[in-house]
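Please walk me through this structure in plain terms. I would like to know what holds its parts together and how its strands, cores and cysteines are arranged.

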Amino acid sequence: MAASSVFSPPPRSHAGANADYQQRIRTLLAQLPPMEGSVKYQLSWGIEESLEQHQCLVRQHELQSYVGSNHIQVRKLQARFAKLEADAALSKTKHASGPAAMRAAVAEARQAAQNLRTAQKMLAIEEQRAAEKAKAMQRELEKSNEEMVRLREAIDDVAAGYGPPIAGPFGSGPAQKGENRKFFYCSDCHVGGHGQRFCKYFLRRPNWRIYPSEKWFEDQNGQVSHSPLGKRGVDFADETYFSRICMHIKGRIWLEDKKKLYEFVPDLMPYTYVIQNQQWVGERPEDVPDDSEPWPWFVKETDRNWGTSVVCCARPQDCLALAKSQGTYVVQKHIPRPLLYDNGEKCHIKFYNLLIGMDDGVTWKLYTYKDGYLSISPCAWSPTDLSKECQVTIIRTKRINDWAYWPRVYPKCKAGVAEVIKRAASQGKLEGRNKIQFEIISADYIVTADENVYLLEFNTGPVLKDADDSNDVHDDGMVSGALHIVEPWEGGNEDKWDFALECKGMQPKAEDGASFDGDGL
């Protein structure tokens, strides 16, 4: 019901009833919904998503315009009642008899005039708020309209042949960009990981556009897969088959799985034992006496990272009890004499790497980032304190560039990762494609008091933060620099990426026909 139908102004002779109307107006104002729309324009990655958002924005505009109109009507009524009250008070001053009555009438008139000025001011503020809100919602709608136009143009452009062709099987030649192209296209196929994040970085470039995705198929478990609309090829997507640039390294499992990693770089890691199905596999650590000085032992699931699967015990004979059936674990003894932080806290290095497989299928390039993070325990380290807070450092605590040891430790970490990649490539663990493939990978390093470094694990899906997530500490430069190295453009730079290695791997076997290999694990 509109506010004007709730109140009918009283006859002028009933001006004394204005106080009651003012209270009723204040009650109504408190009950009106605020002029605060919750829906704002966001990038859409599909046609249906874009249409749904547009409908929501249109509906919100209608509702908020109606709410704003009601707010203004109530404020107008408030101002009108205040005017009636002021007129009545002024009339009293003309008919007051005696000094006391005149003083009372003047005081009442002054208060009524003040109430009128306040009501008129509140009306002006309400009208301005409603106008500004309408403009803001109109801007959101215009963004949505522009997006739908761009999506339509992208569909037409790619359908006309101005997108990259889908690469054939290995042996049919490298993936091609296509000719005479004005725009490049990215699609979010909802695979997960950093796909959507990388799309947003590419979209900062003036000649990149979104190409919409759509439902591709649904498996028997209800898992839905998406593809670029019409199963077209695009320049970047998180669904490898359709993408000219792949964001997953084929063979990454050899880096991510701690057991597999130890198989070919045991000299770079702490001495490692293996538990599988609650049984030791191969060599097992010797039991220690119960009265011996405790020292931390770590039991880690081989295929999980970020410290979520790490448990700690005081003796090697306690490790089996911490393992679950059907699970595979690596077991490591804490390194001796760890290098501690300023107040005796345990810390480890988050070391970032950019690994690129070139489209010849055999060339691999590695870049390491000259900045990084320290993950620092919140409490002083002790070998007898087996709490996760003391022994397992997970959260990126601070930038590493002002750490006194960093200039001496960085080259050792760089050399260690280079050796891992060199061996993985030469042994065929990293598999080439006929298209560029890349990943930003973090390595966890722990340092000893004599400044030796031990590799603990790789994370092929590391935590990354954008400038929108945190103004002070973020990875904006690192990500944009990495994407510039992978796909250069005139407005980019390499930021703090440091070229570390170029090596050759094994020649992939030619494929008989096109195949879909998912994320290429």
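**Salt bridges**

Lys 414 and Asp 498 form a salt bridge in which the closest N and O atoms are 2.9 Å apart. Lys 414 belongs to helix H8 and Asp 498 to strand E18, so this pair ties together parts that are 84 residues apart in sequence. Asp 498 is buried, with a relative accessible area of 18%. The model is a predicted one, and these values are computed from it.

Helix H8 also takes part in a salt bridge through Arg 408, whose partner is Glu 451, with 2.9 Å between the closest N and O atoms. Glu 451 sits in the loop between E16 and E17, so the pair connects parts that are 43 residues apart in sequence. The two partners differ in burial: Arg 408 is partly exposed at a relative accessible area of 43%, whereas Glu 451 is buried at 15%.

A salt bridge within one helix is found in H6, where Lys 259 and Glu 263 lie four residues apart, about one turn of the helix. Their closest N and O atoms are 3.2 Å apart. Lys 259 is partly exposed, with a relative accessible area of 26%, and Glu 263 is partly exposed as well, with 48%.

How many salt bridges does a search of the whole structure find? The search gives 28. Some of them share partners: Lys 177, Arg 181, Asp 235, Arg 244 and Glu 487 are joined in this way into one network.

**Nonpolar cores**

Helices H6 and H8 come up again in the largest nonpolar core, which has 40 residues. The members that touch the most other members are Leu 255, Ile 349, Phe 351, Trp 403, Val 420, Tyr 445 and Phe 458. Several elements supply at least two residues each, including helix H6 (258-264), strand E12 (345-357), strand E16 (436-447) and strand E18 (497-504). Which element provides the largest share of this core? Helix H8 does, with 10 residues.

Val 420 shows what such a core position looks like from one side chain's surroundings. Apart from neighbours within four places in sequence, Val 420 is in contact with Leu 255, Leu 261, Phe 264, Val 265, Leu 268, Leu 455 and Phe 458. Of these contacts, Leu 255 and Phe 458 are themselves listed among the core members that touch the most others.

A second core is separate from this one and holds 30 residues, among them Phe 198, Ile 210, Met 247 and Trp 497.

**Strands and sheets**

An open sheet is built from five strands in the order E8-E7-E11-E9-E10, and the pairing is antiparallel. Strand E8 (279-281) and strand E10 (310-313) form the edges, each pairing on one side only. On average, and with direction ignored, neighbouring strands of this sheet are turned by 30 degrees against each other.

Inside this sheet, strand E7 (residues 272-276) and strand E11 (residues 328-333) run antiparallel and are joined by five bridges. Tyr 273 is placed opposite Val 331 in E11.

Another antiparallel pair consists of strand E3 (residues 213-218) and E4, again with five bridges. Here Glu 218 stands opposite Val 224 in E4. The hairpin of these two strands has five residues between them, and within the hairpin Gly 222 takes a positive phi near 85 degrees. Is strand E4 largely enclosed or largely open to the outside? Four of the five residues of E4 (residues 224-228) are buried, so the strand is largely enclosed by the rest of the structure.

**Cysteines**

How many disulfides does a search of the whole structure find? The search finds zero. For Cys 186, the nearest cysteine sulfur is that of Cys 199, 4.0 Å away. A disulfide requires the two sulfur atoms to be within 2.5 Å, so a pair beyond that distance is not counted. Cys 186 is also buried, with a relative accessible area of 0%.

Cys 313 is likewise in no disulfide, and its nearest cysteine sulfur, that of Cys 319, is 3.6 Å away. Cys 313 is buried too, with a relative accessible area of 6%. The residue falls within the range of edge strand E10 (310-313).

Key: Residues numbered from 1 in each chain as written. Predicted model: local features only at pLDDT ≥ 70, side-chain atom pairs only at ≥ 80, totals over all residues. Heavy atoms only, no water. Buried < 20%, exposed > 50% of the residue type's maximum accessible area, 1.4 Å probe, protein only. Pairing = 2+ DSSP bridges. Axes fitted to C-alpha atoms, helices over the stretch in contact; angles between N-to-C directions. Core = buried A, V, L, I, M, F, W, Y, C linked by side-chain atoms within 4.5 Å. Contact = heavy atoms within 4.5 Å. Salt bridge = Lys/Arg side-chain N within 4 Å of Asp/Glu carboxyl O.
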